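Reader: Can we walk through this one together? I'd like short answers, please.

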Amino acid sequence: MTIVRETLLPPAPPPRRAAGPVGWLRDNLFSGAGNTVTTLVILAGLALLLPPVFRFLVTDAVWRGDSGEVCRPEVAGHPVGACWAFIGAKINYLVYGSYPAAERWRPNLFFGLVALGTAWMLWLDAPRRGLGAVFVFLVGPLLSYGLLSGTPVLGLAPIATSLWGGILVTLVVSLVGIVASLPLGILLALGRRSDLPVLRYACIGFIEFWRGVPLITVLFMANVMLPLFLPGDLTVDRLVRPLVGIALFASAYMAEVVRGGLQAIPEGQGRAALALGLTRWQAMRLVILPQALKVVVPGIVNTLIGLFKDTTLVSIVGIADFIRVLEAARADPRWSAPTIPATAYAFAALFYLTFCFAMARYAAFIERRLAAGERGRA
Amino acid sequence: MRAAPPESGSGPGTRSTRALVLQALVALALAALAYAAFANASEKLARQGITAGFGFLARAAGFDISQRLIPYAAATSTYLDAFLVGLLNTLLVSGLAIGLATVIGFAVGIARLSPNWLARTLAATYVETLRNLPLLLQLLVWYVAVRVALPEAQHPAAWGGAYLSQRGLVLPRPDFQGAAWLVPVAFVAGLVGASIRARRAKRRIETGAEPGPVVGPALALVLGLPALAWIGLALAGHPVPVAWPSPGPFGPEGGLGVLPEFAALLLGLSTYTAAFIAEIVRAGLASVARGQGEAAAALGLSRAKTLRLVTIPQAMRVIVPPLTSQYLNITKNSSLAVLIGYPDLVHVFMGTVLNQTNQAVEVVAITMAVYLTLSLGLAALMNASNRRAAPMTR
């Protein structure tokens with residue numbers, strides 16, 4: 001083959017490995033002709049691209065104003081970049097939707113509850129994490145429901161879900177998805193590994209069905225078919241329909257993640273537990289599941305990132321989530337200016353990027369910690 | 001000493017009896033649930049005066065579809081035709097997005113392992129940004145924000161007969177009727193020739209012979225043969241007729257129009273999925289033992305040749321299974337077309353047809369069956385090819 005050399009190469013000169021910034025530059029950016037060309041091409045591209053982006057986001061941006069007029073170039077007297085005044089004027093609508101202004105302390109308290117539960121779950125050395133799980137999966141959701149939709153007994157006026165909107169709804173949809181899909185997913189994963197054929201095939205069918213169809217079709221189905229399947233004149237709240245769809249959809253994906261964890265646990269663990277006299281249920285609950293769930297924390301967090309991004313799809317079936325209120329705010333004729341769409345999307349991108357990136361970093365951190373634990377054991 | 005089997009503790013057969021009873025209960029509960037749902041649905045549908053069944057597919061559709069690969073007219077076509085148009089549109093955009101996402105994904109994935117720090121960082125930024133933004137938001141950016149930046153339809157940008165404006169891209173359309181059918185035939189012949197050449201080269205490598213170049217001749221065959229046919233036809237006095245678009249008063253006219261919805265969906269889907277493919281490619285390349293690349297370098301192979309001949313072929317075993325699930329994701333995610341109005345299966349069938357006919361159960365069932373068939377079919381294909389590739393693992 002021509003790729004095999006027939007003569008010896010002349011000896012290469014010793015590597016010029018200077019320490020410090022110069023050496024780093026030489027190693028990483030200018031280590032050869034091809035490498036140098038790549039560096040120069042990328043630098044040229046960045047020089048073309050970055051200044052306009054910076055001008056758009058910062059120097060040409062309009063920060064203050066109370067109507068779209070200030071963001072028109074002919075009024076502002078200079079090329080206009082992002083119209084941050086628009087975000088400032090609409091921020092309450094983007095966060096709470098049409099939730100009554102006097103009652104906004106309720107969503108605020110809800111955000112606080114969410115922050116508390118999240119911190120309790122994510123901080124691995126937090127005290128009383130068992131209690132935290134009860135809070136996140138049982139007390140928190142009930143409390144939040146009573147708080148947001150109203151409990152007349154406690155003097156909280158009922159507020160129709162059609163008034164909820166924005167980041168509040170995005171958060172509600174994501175949290176319902178998380179809180180419902182985790183236990184359901186664990187049950188499904190256990191069912192899929194059951195010895196009982198009927199149970200196993202029912203679980204396999206359920207999981208593969210939801211994983212095989214796009215989320216939009218699930219949301220459409222929940223919208224038009226859920227009311228059909230229920231008896232009599234029972235109606236389902238418009239917000240609850242996509243929640244059911246999302247919960248079922250997410251639980252199928254969660255089940256596959258958990259199944260991966262169950263498969264990673266050596267069979268000897270279960271046999272040893274049985275040998276110690278534990279029942280099969282005890283062995284599962286006390287020995288196998290805790291280890292399996294620990295292994296799949298990164299996988300669970302990655303599924304949650306996907307779920308969080310997928311909640312945007314509820315805007316297609318008419319739920320006023322963050323994206324939908326953003327589109328509604330954008331259509332306000334008082335705020336019509338050429339750069340309003342780009343401003344709105346830049347803001348949304350910042351929002352989703354912050355949350356998803358933080359979750360991804362957390363998953364990576366857990367992964368490193370687990371890997372370190374494995375090394376320590378070996 | 002052998003421990004007694006666990007089930008003998010409470011009499012023989014108890015465990016299996018309990019299992020049977022439990023399974024019977026599960027089956028019964030599922031059947032009851034299905035029956036209740038069915039009974040409720042049929043009662044409500046009867047009250048709304050909707051006849052169940054698939055007869056509605058033969059009724060006239062009466063609505064127009066902006067992009068169709070098969071003949072379709074609002075007045076004469078049926079709901080079944082509308083379904084087929086939507087299905088083909090879904091397959092078209094998914095197929096093209098799969099190709100584009102693979103190319104971008106491999107490029108970015110390889111760049112993430114580049115010796116150049118800037119290339120590495122840029123690729124990592126691409127992956128982290130696009131992966132962490134909802135696809136729906138990215139589609140809005142392509143469809144709304146990017147489109148606003150394009151010239152208006154009355155004053156389109158023109159290059160070499162093609163026009164780009166807010167109303168989409170208009171390309172010259174060659175007409176392969178009459179003698180011009182030779183050009184597509186030459187293209188297919190080029191594809192066949194290239195694959196024969198690749199197969200022969202593989203066999204020669206396996207027997208230790210000199211394989212000769214593959215990529216160059218393959219490109220020459222696939223692109224050169226149709227070009228030759230085109231030029232030959234022109235010289236023979238039967239030039240291929242081309243419909244050139246012209247800038248009309250209200251926007252470009254004639255030619256082959258590419259809808260802005262289609263372009264936005266294609267770009268959004270492929271750049272988004274490319275971020276995931278890049279991570280798969282990176283993990284695959286990282287799974288190949290370091291010594292393989294070092295040995296290739298020691299043999300005097302360039303970095304490009306090392307990648308193409310040594311690292312990537314070995315990485316493919318790790319890359320292909322998750323890659324197919326990304327392809328499936330593209331097909332499923334193409335249903336986000338409904339947001340920007342590209343007439344895909346969900347938009348045409350679950351949207352317009354469902355609204356017009358109110359046959360919710362049938363329409364939802366058909367649409368989901370299509371996606372399920374695609375998913376399970378691809379999964380079965382994957383398993384088969386995995387089994388075939390399995391003995392090769394060392």
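**Confidence first**

Author: Over residues 1-12 of chain B, pLDDT (the predictor's confidence in each residue, from 0 to 100) stays under 50. For residues 1-12 the model has three contacts beyond four places in sequence. Two residues are in contact if their C-beta atoms, placed from the backbone, lie within 7 Å. This is a predicted model, where local features need pLDDT of at least 70, side-chain atom pairs count only at pLDDT 80 or more, and totals for chains, interfaces and linings use all residues. Residues are numbered from 1 along each chain as its sequence is written, while chains are lettered from A and ligands numbered from 1 in the order in which they are written.

Reader: What should I do where pLDDT is low?

Author: Don't read the predicted coordinates in detail there.

Reader: And what is the mean pLDDT of chain B?

Author: The mean is 85. In chain B, 94% of residues reach 70 or more. The model scores are ipTM 0.87 and pTM 0.87.

Reader: New topic. How many residues does each chain put into the contact?

Author: Chain A gives 45 residues and chain B gives 51. On the side of chain A that touches chain B, helix 2 (33-59), helix 8 (197-212), helix 9 (215-229) and helix 15 (340-377) each supply at least two residues. Helices (H or I, at least four residues) and strands (E, at least two) are DSSP runs, numbered from the N terminus.

Reader: Which helix of chain A gives the most?

Author: Helix 15 of chain A, with ten residues. By class, the side of chain A that touches chain B has 35 nonpolar, eight polar and two charged residues. For the classes, Ala, Val, Leu, Ile, Met, Phe, Trp, Tyr, Cys and Pro count as nonpolar, Asp, Glu, Lys and Arg as charged, and the others, Gly among them, as polar.

Reader: Now inside chain B. At what angle do helix 7 and helix 9 of chain B cross?

Author: Helix 7 (residues 260-287) and helix 9 of chain B cross at roughly 155°, and their axes come within 8 Å. Axes are lines fitted to C-alpha atoms, for helices over the stretch in contact, and angles run from 0 to 180 degrees between N-to-C directions. Helix 7 and helix 9 of chain B are therefore roughly antiparallel. The cut-offs: under 35 degrees is roughly parallel, over 145 roughly antiparallel, 65 to 115 roughly perpendicular, and the rest oblique.

Reader: Which residues meet there?

Author: Among them are B:Leu269, B:Phe276 and B:Ile280 from helix 7 of chain B, and B:Val318, B:Pro322 and B:Leu323 from helix 9 of chain B. The contact of helix 7 with helix 9 of chain B has 13 nonpolar, seven polar and no charged residues.

Reader: What about helix 2 of chain B against helix 9 of chain B? What angle there?

Author: About 140°, with the axes of helix 2 (residues 79-111) and helix 9 (residues 303-333) of chain B 11 Å apart. Helix 2 and helix 9 of chain B are therefore oblique to each other. On the helix 2 side, B:Ser94, B:Ala97, B:Ile98, B:Ala101 and B:Ile110 take part. On the helix 9 side, B:Leu307, B:Tyr327, B:Ile330 and B:Thr331 do. That contact divides into seven nonpolar, two polar and no charged residues.

Reader: Where is B:Gln292, and what does it touch?

Author: B:Gln292 lies in helix 8 (residues 290-298) of chain B. Not counting residues up to four places away in sequence, B:Gln292 touches B:Val310, B:Thr311 and B:Gln314. B:Gln292 counts as partly exposed because 14 C-beta neighbours lie inside 10 Å. A residue is buried if 20 or more other C-beta atoms lie within 10 Å of its own, exposed if 12 or fewer, and partly exposed in between, with C-beta atoms placed from the backbone.

Reader: Is A:Ile305 buried or exposed?

Author: A:Ile305 is buried, because 21 other C-beta atoms lie within 10 Å. A:Ile305 is found in helix 13 (residues 297-310) of chain A. A:Ile305 touches A:Cys356, A:Met359 and A:Ala360, not counting residues up to four places away in sequence.

Reader: And A:Ile178, buried or exposed?

Author: With 22 C-beta neighbours inside 10 Å, A:Ile178 is buried. A:Ile178 sits in helix 7 (residues 166-192) of chain A. A:Ile178 touches A:Leu304 and A:Leu307, again not counting residues up to four places away in sequence.

Reader: Last one. What is phi of B:Asn358?

Author: Near 65°, a positive value in a residue other than glycine. B:Asn358 is in the loop between helix 11 (345-357) and helix 12 (360-389) of chain B.
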